[in-house]
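Visitor: I would like to learn how to read a protein model feature by feature, with the general idea first and the particular case after it. Could you take me through one?

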Amino acid sequence: MLVLGIETTCDETAAAVVFRSLDGLGEIRSNVVLSQLAEHQPYGGVVPEIAARAHVELLDGAIGKAMEDANLKFSDIDAVAAAAGPGLIGGVIVGLTTAKAIALVIGKPLLAVNHLEAHALTVRLTDGVGFPYLLLLVSGGHTQLVSVEDVGRYRYLGGTVDDAIGEAFDKTAKMLGLPYPGGPEIELLAVRGNPGRFNLPRPMLRRPEPNFSLSGLKTAVRLEAERIAPLSDQDVADFCASFQAAIADIVVDRVRVCLGTLRNSVWQPRALVVAGGVAANQTIREALEAVAAEAMIALVVPPPELCTDNGAMIAWAGAERLARGMVDGLEASPRARWPLETVPVPA
Ligand code: KG4
Ligand code: ZN
């Protein structure tokens with residue numbers, strides 16, 4: 001089956017066509033991502049009103065390009081999937097309404113996809129990973145550990161009690177005078193920095209529940225930066241390296257604890273999967289390699305362009321649902337909040 005996928009929950013306007021074979025293998029036929037980064041950059045973060053307007057302006061072009069790249073007509077498509085949340089509601093409305101219009105006109109089913117479920121299932125498209133697996137979802141908006149047991153069956157095991165990890169990267173970068181998004185900037189400068197220079201806290205370390213807390217770490221950077229201001233380039237690089245090392249330690253500890261809680265469970269994971277923009281970070285990735293090796297499971301990370309928001313993951317999640325006989329009606333609602341554990345479960 002061929003599914004058109006539309007993603008508009010944050011600041012990427014994206015559309016893609018994905019093929020799913022009867023035996024469950026996936027193939028990306030096109031994947032168009034139009035970034036709105038330049039429009040948000042002056043504000044140091046995503047401005048919801050600007051994002052919603054940009055989606056209106058960019059989405060038709062993104063869909064047209066996705067169809068053209070895949071060399072398909074709308075009549076060739078078997079279903080239309082759109083991210084129906086969670087996300088910035090203005091953008092979600094734009095994407096979902098457009099998907100409904102296309103589905104209605106071509107007389108094909110609509111799939112109202114949960115954006116987090118799409119991140120969770122991406123490794124089945126890229127690497128054919130089998131259930132169950134442990135997902136660490138780390139993006140600008142989310143930091144969660146989820147047991148992925150089947151399509152529609154997700155168990156929340158832990159998550160952040162304050163900031164998301166990507167958000168902590170972005171806010172810390174801003175304090176250090178670095179541009180948005182902060183994650184890639186911090187990773188780049190950390191190469192020249194000393195990770196042992198600043199003794200930053202690792203909140204929640206060794207706590208038995210696999211939760212995260214980032215706000216204390218962020219505040220520690222701010223207080224120390226204020227104390228030694230003005231900052232030289234070397235100071236900034238040392239902060240980047242020290243901050244990144246603290247995050248890597250926190251992630252390793254939290255994932256290790258989480259794997260420990262699953263040790264005697266029937267849902268013993270076959271792989272550790274990392275998704276979301278922060279998964280692009282090489283230091284965090286390498287640290288997680290060691291944790292996965294220790295647990296004797298594989299670490300699977302989708303390629304960077306499929307870790308960040310994209311239409312292919314939405315199309316694929318739609319295809320996985322359609323293959324299990326699930327569709328949504330045209331009355332499906334856009335949702336700003338939509339916890340992963342509350343998505344519909346296949347019969
Ligand atoms: O998944 P994503 O593209 O968008 C959502 O938040 O949904 O993730 C973006 C986040 C930003 O906070 C960005 O700073 C972070 O991912 N990020 C990184 C890196 N690349 C992107 N964080 C750390 N290291 C990176 N290399
Ligand atoms: Zn995302």
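Guide: We will go through the pocket, the metal site, a helix and some backbone features of this model, which is a predicted one.

Visitor: Let us begin with the pocket. What is the volume of the largest pocket, and which residues lie nearest its centre?

Guide: A pocket is read by its volume and by the residues that line it. Here the largest pocket has a volume of about 1,300 Å³, and its lining is made up of 46 residues, with C10, S139, G140, G141 and D170 lying nearest the centre.

Visitor: Which helices supply at least two residues of that lining, and what is its chemical make-up?

Guide: At least two lining residues come from each of α4 (115-126), α5 (165-175), α6 (182-190) and α10 (304-307), and α5 provides the largest share, namely six residues. By character, the lining of the largest pocket divides into 18 nonpolar, 18 polar and ten charged residues.

Visitor: Where does the largest pocket lie with respect to the domains?

Guide: Here one asks which domains contribute to the lining. Both domain 1 (2-124 + 308-342) and domain 2 (132-301) give residues to the lining of the largest pocket, so the pocket lies between them.

Visitor: Now the metal. Which atoms are the protein donors of the zinc ion (ligand 2)?

Guide: A metal site is read from its donor atoms, their distances and their places along the chain. The zinc ion (ligand 2) has as its protein donors H115 (NE2), H119 (NE2) and D309 (OD), which lie 2.1 to 2.2 Å from the ion. Along the chain these donors follow the spacing H-x3-H-x189-D. Since H119 lies in helix α4 and D309 in the loop between α10 and α11 (311-323), the pair ties together parts that are 190 residues apart in sequence.

Visitor: Are H119 and D309 buried or exposed?

Guide: Both H119 and D309 are buried, a term that stands for under 20% relative accessible area.

Visitor: How many residues of helix α4 are buried, and what span does the helix reach?

Guide: For a helix, one can compare its end-to-end reach with the expected span and then ask how much of it is covered. Helix α4 has twelve residues and reaches 17 Å from its first C-alpha to its last, close to the 16 Å expected at 1.5 Å a residue. The helix is mostly covered, with eleven of its twelve residues buried, and the buried residues include the zinc donors H115 and H119 as well as E117 and R124.

Visitor: What should I look for in the backbone angles?

Guide: Most residues other than glycine have a negative phi, and most peptide bonds are trans, so departures from these habits deserve a second look. In this model the peptide bond from Y180 to P181 is cis, with omega near -5°, and P181 lies in the loop between α5 and α6. The peptide bond from A229 to P230 is also cis, with omega near 0°, and P230 is placed in the loop between α7 (215-228) and α8 (233-261).

Visitor: Where is N71, and where is M296?

Guide: N71, which is not a glycine and yet has a positive phi of about 60°, sits in the loop between α2 (48-70) and β4 (79-85), where N71 is exposed with a relative accessible area of 68%. M296, likewise not a glycine, has a positive phi of about 55°; its place is in the loop between α9 (282-294) and β10 (298-300), and M296 is exposed, with a relative accessible area of 76%.

Conventions
Residues numbered from 1 in each chain as written. Chains lettered and ligands numbered in written order. Predicted model: local features only at pLDDT ≥ 70, side-chain atom pairs only at ≥ 80, totals over all residues. Heavy atoms only, no water. 1 Å grid on protein atoms, 1.4 Å probe; cavity = no way out; pocket = protein on both sides within 12 Å on 5 of 7 lines; lining within 4 Å. Points joined across faces, edges and corners; volume = space filled by probe spheres on them. Helix = DSSP H or I, 4+ residues; strand = E, 2+ residues; numbered from the N terminus. Nonpolar A, V, L, I, M, F, W, Y, C, P; charged D, E, K, R; others polar. Domains from an automatic or database assignment. Donors = N, O, S within 2.8 Å, 3.2 Å for Na, K, Ca; no water. Buried < 20%, exposed > 50% of the residue type's maximum accessible area, 1.4 Å probe, protein only. Expected span 1.5 Å × (residues − 1).
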